[in-house]
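User: I'd like to learn how to read a few features in a protein model. Could you walk me through them?

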2 protein chains.
Amino acid sequence: MKNSVIYAFILCFMGVATSQTLKSPNGELEMQFSVKENGTPTYSLTYKNQAVIKSSALGFSLKNEEDLLNDFTVSGIDETSYDETWEPVWGEQKEIRNHYNEMAVNLLQKGTNREVIIRFRLFDDGLGFRYEFPQQKNLGHFVIEDEKTEFAMTGDHTAFWIPGDYDTQEYDYTESKLSAIRGLMEGSITENVSQTSFSPTGVQTTLMMKTDDGLYINLHEAALVNYPVMHLNLDDENFVFESWLTPNLEGDKAYMIAPSITPWRTIIVSDDARDILASKMIYNLNEPSKIDDTSWIKPMKYVGVWWEMITGKSTWSYTNDFTAVKLGETDYESATPNGTHGATTEHVKEYIDFAAENGFDGVLVEGWNVGWEDWFGHSKDYVFDFVTPYPDFDVKEIQDYAESKGVEMIMHHETSASVRNYERHLDTAYQFMKEYGYNAVKSGYVGDILPRGENHYSQWLVNHYLYAVKEAADYGIMVNAHEAVRPTGLARTWPNLIANESARGTEYQAFGGSKPNHVTVLPFTRLIGGPMDYTPGIFEMDLSKLNPENNSHVNSTIANQLALYVTMYSPLQMAADLPANYKRFPDAFQFIKDVALDWDESIYLEAEPGDYVTVARKEKGSDNWFLGNVNGETARTSKIKFDFLDKGQKYIATIYSDAKDAHYKTNPQAYEIRKVVVDNKSKLSQFSAPGGGYAISIIPAEKSETKGMKKL
Amino acid sequence: MKNSVIYAFILCFMGVATSQTLKSPNGELEMQFSVKENGTPTYSLTYKNQAVIKSSALGFSLKNEEDLLNDFTVSGIDETSYDETWEPVWGEQKEIRNHYNEMAVNLLQKGTNREVIIRFRLFDDGLGFRYEFPQQKNLGHFVIEDEKTEFAMTGDHTAFWIPGDYDTQEYDYTESKLSAIRGLMEGSITENVSQTSFSPTGVQTTLMMKTDDGLYINLHEAALVNYPVMHLNLDDENFVFESWLTPNLEGDKAYMIAPSITPWRTIIVSDDARDILASKMIYNLNEPSKIDDTSWIKPMKYVGVWWEMITGKSTWSYTNDFTAVKLGETDYESATPNGTHGATTEHVKEYIDFAAENGFDGVLVEGWNVGWEDWFGHSKDYVFDFVTPYPDFDVKEIQDYAESKGVEMIMHHETSASVRNYERHLDTAYQFMKEYGYNAVKSGYVGDILPRGENHYSQWLVNHYLYAVKEAADYGIMVNAHEAVRPTGLARTWPNLIANESARGTEYQAFGGSKPNHVTVLPFTRLIGGPMDYTPGIFEMDLSKLNPENNSHVNSTIANQLALYVTMYSPLQMAADLPANYKRFPDAFQFIKDVALDWDESIYLEAEPGDYVTVARKEKGSDNWFLGNVNGETARTSKIKFDFLDKGQKYIATIYSDAKDAHYKTNPQAYEIRKVVVDNKSKLSQFSAPGGGYAISIIPAEKSETKGMKKL
């Protein structure tokens, strides 16, 4: 931390329900707080004097006691300024500036003599605010029935939304006017193995919007700890969103004990879509790292025994003998192997060889442990033990082999959403990992939650996911949790949370396909809270070639797949396709081998949600740059400047782009690769096909190396 | 195990729905199995040709699939005989004979091609049967909606019952005709901090009954593992009980996976009430010990910092500063002590001194760990961490002091029914215990269960309690679980489960009092499944002398309290009263110091549920005998013979009895102690007051010792 400057002063309270203004450091954002006549606190927000959030109410209804909605008076206001720069353990940039003006409004509910503080932090890129319940006589334990935070929009904006759901975010995004959400809801709720929608106008955060005036507004939350996930429910007559918390199994929202705080409610706003992507406000609203020694946390590029199961080419299960499995009782040793099991020692060694040959850090193996014959759909409690391998998976032999090749094995813990069972085995499972040299785990929460009736995004589960991450930190283990709650910047505090899924990932390309512009939306939504293990790198788009029974098509070009390693920021990147498919396209595969995982700098060059994202990133501790562009459904020519490069330096740029006749559906494997010389005056006009894109590696070069090479 | 003789043969199935008879080894019990015309399996039972159970249906209704109720045909019958003698780790007798004839009926449901086995074991003391679901193609996972096991009574028997309840057994027993249950139900449901009754004719097991013909019938279950507790719901027009399982939070009863088994349903029957008490059928229906080395499991007599809190004389909590506590955040170090905290280092040392001086094995201390200011009633998740002591409780100093005095400290884990929290901390808590030399833990589950909506007796919790016991076994820790499920003989399999509460214990004498005949019923009900930590030994019955605000009266005489150490069999026995009260009655206290904990032999001399129980027990590895009589509400003269003593041997019997004018209410402290010489020809005619009783120690004596001493 450096340049930490803090100014604080306390405003004298005027004694009347008046309004109070807070400005962002550059003055472009202005937040107004006021208390209505009935004592309801409200806020509003403007950007460059344009309304962003109209007057919006704040508060809670409580269970079995008086609500915290009105009858409030302001008993004091504290204002502070803060400016620091901090270094993330991994990330899009080496340093992050955390610069805001803060206003903490102390509210007293007159009738009940209860206190609530609403803390606003106004950054140049947006507003965060949270509720705080200080220690006090008249508020100890309480149960939140509903949070009544409003976000009153100024009009019928265009939104990029997925259906509100207590159990999954694995939906394609719908782009529509707010007024059209209701009509489009039913069609947007596609099938998922665990899902609970709740309202015809309920949507999830991160919610990305664009106004008719060209303002970009992004709603989310930060630092979600021991509190349910916030959804947004739209009053589509007035275009007012209200917070809609995920209930527990009894319908209550949150069990609270004062002193406590809620997560931050966040509004990122700009008239330039690139600023939304560049915003680090969510991380800034989280606490600094609680892990002192972070030297063991390392970005990883990996391959894995996974896509072959996802596509149906091989299986997680070892045998077809059992209709049901009881761990510890079912006899695997004498079972007949089904011949399709993916995680065999021999096959895993092939992946280790491939990883070692191509410079990958790790190999993930799913389906290595007993139980997969009966792991899903029966609300089964003791579904996995996380330590017993199948008879054909030799943990020790594999570990020794991987070590000899300089490759790390990545553990897989599918919990089948049986959370008590996972917590019971967590210590033993982590100990097992360390014993066999595993330093990272991919965990999964597929299916309906046990305890039955709980939801993936309720307080109980939110508490669990962080528990698993904290326990992992004690063991020096990195966590990549799938089907868990979507991130809210907690990786700043727990940087061993290196990735999440928590959105529609590449696997859906094998389950019928995702929209071709999906990856132009995700950076504006899912990635706002933290990195995604999107598992890109698919080269064979016709999945019937892997499994004749799979008719899915991957809606993406190869060039688009390459660009994802740059556009979808994550310290954990998979090359998801089969080694055999990479061997067919060694020139394109070269980019996956070359691309960096951690960055000193990131520059968003072009961005429009649903249409395109172009970003250039400078490799950490290096002068190499990597650039990616992903494109939506319409062919487009991207025009970028290389003025971010060092002046006077020549670079060799290898451009992996769509061929002119490329198309995500009809011609996805048509790509071109060319090498050109670039410097900081170079400009590029580059075609991207529908569902396509391009990727560029930009490596500093000596003059001799560029000799005879074409300049861009 | 010795004299293990097994005969097995398979009966040829006759192909028609016929009936099949099974006799007990001595032929007095006869069970008849048959299948009704609609394919419903049924059983009936006679004792000495008297009907005990009339034809009663067997089966299940299932969720979302065809029931397992009818359409069955018998596909085979296996008959076996078994006779072995085994040695319990602790118990009422050195050896237990397990002798039965078995009939396993293989049933095939024709329409669904599903198989169920009903296994009957007929002992000389009763019948046990269970359902088994073998591994098969057409039955894997299934959910039991209801178990439909019937127990059809032959008439309007007298029953000793407590209200059916999903969360507590802490009720006084009501004695009534079956037909009177409905009318008496409301008045029988007294207040408890967590309770869920379900039917006006629903009662709990162990249910004790007596017919007008003088037959004693006892219904319970054995080996309750990963299945909900069975209650009994009475059709009070036909006097037919039907099993009523405890539901989970969604109303389902049990999640099952074939192959699996249910607990045993048990019917102990005799025309002599003493046989009910002497029966070891419940243990015999459980699996042998799964703990190989049981040398660390030792009966314990203990005192504790407990009754003073129960009576309100001191507090579990350390301070009155906090309205709510957040562990790890609340600052105890700077809190103001409330001056009433019981578990201070200094005070605990007084108990250690008292224990050492009087030969007790252990000292229990409650309220030693942070959190008690805010432990109850708020559905609080993180309520205790089980390792952080209060500032005035020095774990190390206390442990060192206890060790120097040859006394063991007993740990206390109140979970506040927050079960996830307990499981999360279980390993650390057990490790902490071993680090500080604790080998036994009293655990508690006060209040409503978390996960919210679960019940104390649902499958989820039944699974938890055994999990905690198994994990404890791994650490070499003995468990005494309060508010957990009532025992079903599992202590045979897990002998580190040294006791449970799971009934209305002595604490209720401080909460308004229990019925004076309560302890004459418990041996027929609660104790059938295993030992109870009843915490007897109260000498001061007027609790206002301990705490002026406590108006409770202990409905018992001192002689009755002494007898409980013999009549209420448990390897764990507390002397619950304050040391100061024992010091007032050193002669009576002598019996508590002398009485044994573990036995080679037990002889029930007199018994009538609700009226009296008299038992003589021979100390393990010794020739000492101890004898106890507890008496109900009416004064009575007990007449017993000492013919169980060794022939020719003289003994000194010290008789602790009620004075003639003793009475549980008006004169509870009136006792007499006399020493007499007895031999195996002696007879005793001994008065017991209402709510009274007597206790006798019988110690072999040399002739010289008995000189001049009066013979009985």
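User: Let's start in chain B. In which strand does Asn631(B) lie?

Analyst: Some ground rules before that. This is a predicted model, where local features need pLDDT of at least 70, side-chain atom pairs count only at pLDDT 80 or more, and totals for chains, interfaces and linings use all residues. Residues are numbered from 1 along each chain as its sequence is written, chains are lettered from A and ligands numbered from 1 in the order in which they are written, and side-chain values use heavy atoms, with hydrogens and water left out. Helices (H or I, at least four residues) and strands (E, at least two) are DSSP runs, numbered from the N terminus. Asn631(B) lies in strand β32, residues 625-631 of chain B.

User: Is Asn631(B) buried or exposed?

Analyst: Buried means under 20% relative accessible area, exposed over 50%, and partly exposed in between, with a 1.4 Å probe and protein chains only. Asn631(B) has 1% relative accessibility, so it counts as buried.

User: Which backbone oxygens does the side chain of Asn631(B) meet?

Analyst: Here we look for polar contacts: pairs of N or O atoms within 3.5 Å where, within protein, one must be able to donate a hydrogen and the other to accept it, and residues adjacent in sequence count only if both atoms are side-chain atoms. A polar atom of the Asn631(B) side chain lies 2.8 Å from the backbone oxygen of Thr634(B), and one lies 3.0 Å from that of Ala689(B). Contact in general means heavy atoms within 4.5 Å. Leaving aside neighbours within four places in sequence, the contacts of Asn631(B) include Pro516(B), Asn560(B), Tyr612(B) and Arg636(B).

User: Now charges. How many salt bridges does the structure hold?

Analyst: Side chains of opposite charge can pair when their charged atoms come close. A salt bridge is a side-chain nitrogen of Lys or Arg within 4 Å of a carboxyl oxygen of Asp or Glu. Over all chains, the structure holds 71 of them. Take Glu65(A) and Arg114(A), whose closest N and O atoms are 3.1 Å apart. Glu65(A) sits in the loop between β6 and β7 of chain A and Arg114(A) in strand β9 (residues 114-123), so this pair ties together parts that are 49 residues apart in sequence. Glu65(A) is partly exposed at 31%, while Arg114(A) is buried at 3% relative accessibility.

User: What does Glu132(B) pair with?

Analyst: Glu132(B) forms a salt bridge with Arg119(B), at 2.5 Å between the closest N and O atoms. The pair links strand β10 (residues 126-133), home of Glu132(B), with strand β9 (residues 114-123), home of Arg119(B), 13 residues apart. Both ends are buried: Glu132(B) has 8% relative accessibility and Arg119(B) 18%. In chain A, Glu102(A), Arg119(A), Arg121(A), Arg130(A) and Glu132(A) are linked in a network of salt bridges.

User: And Lys301(A): which side chain of opposite charge is nearest?

Analyst: For this, Lys and Arg count as positive and Asp and Glu as negative, while His and the chain ends are not counted. Lys301(A), in strand β23 (residues 300-305) of chain A, is buried yet has no salt bridge; Asp361(A), the nearest side chain of opposite charge, is 6.6 Å away. The Lys301(A) side chain does reach the backbone oxygens of Ile592(A) at 2.8 Å and Val595(A) at 2.6 Å.

User: How do I read backbone angles? Where is the cis bond that involves Pro259(A)?

Analyst: Most residues other than glycine have a negative phi, and most peptide bonds are trans. The bond from Ala258(A) to Pro259(A) is cis, with omega near 5 degrees. Thr205(A) to Thr206(A) is cis too, with omega near 0 degrees, and Thr206(A) is found in the loop between β15 (202-204) and β16 (207-210). As for phi, Asn64(A) has a positive value near 60 degrees; this residue is in the loop between β6 (60-62) and β7 (72-86) and, at 75% relative accessibility, counts as exposed.

User: Last one: what span should helix α8 of chain B have?

Analyst: The expected span is 1.5 Å times one less than the number of residues. For the 17 residues of α8(B) (459-475) that gives 24 Å, and the end C-alpha atoms are 25 Å apart, which agrees. Of those 17 residues 14 are buried, so α8(B) is largely enclosed by the rest of the structure. Gly476(B) follows, with a positive phi near 70 degrees.
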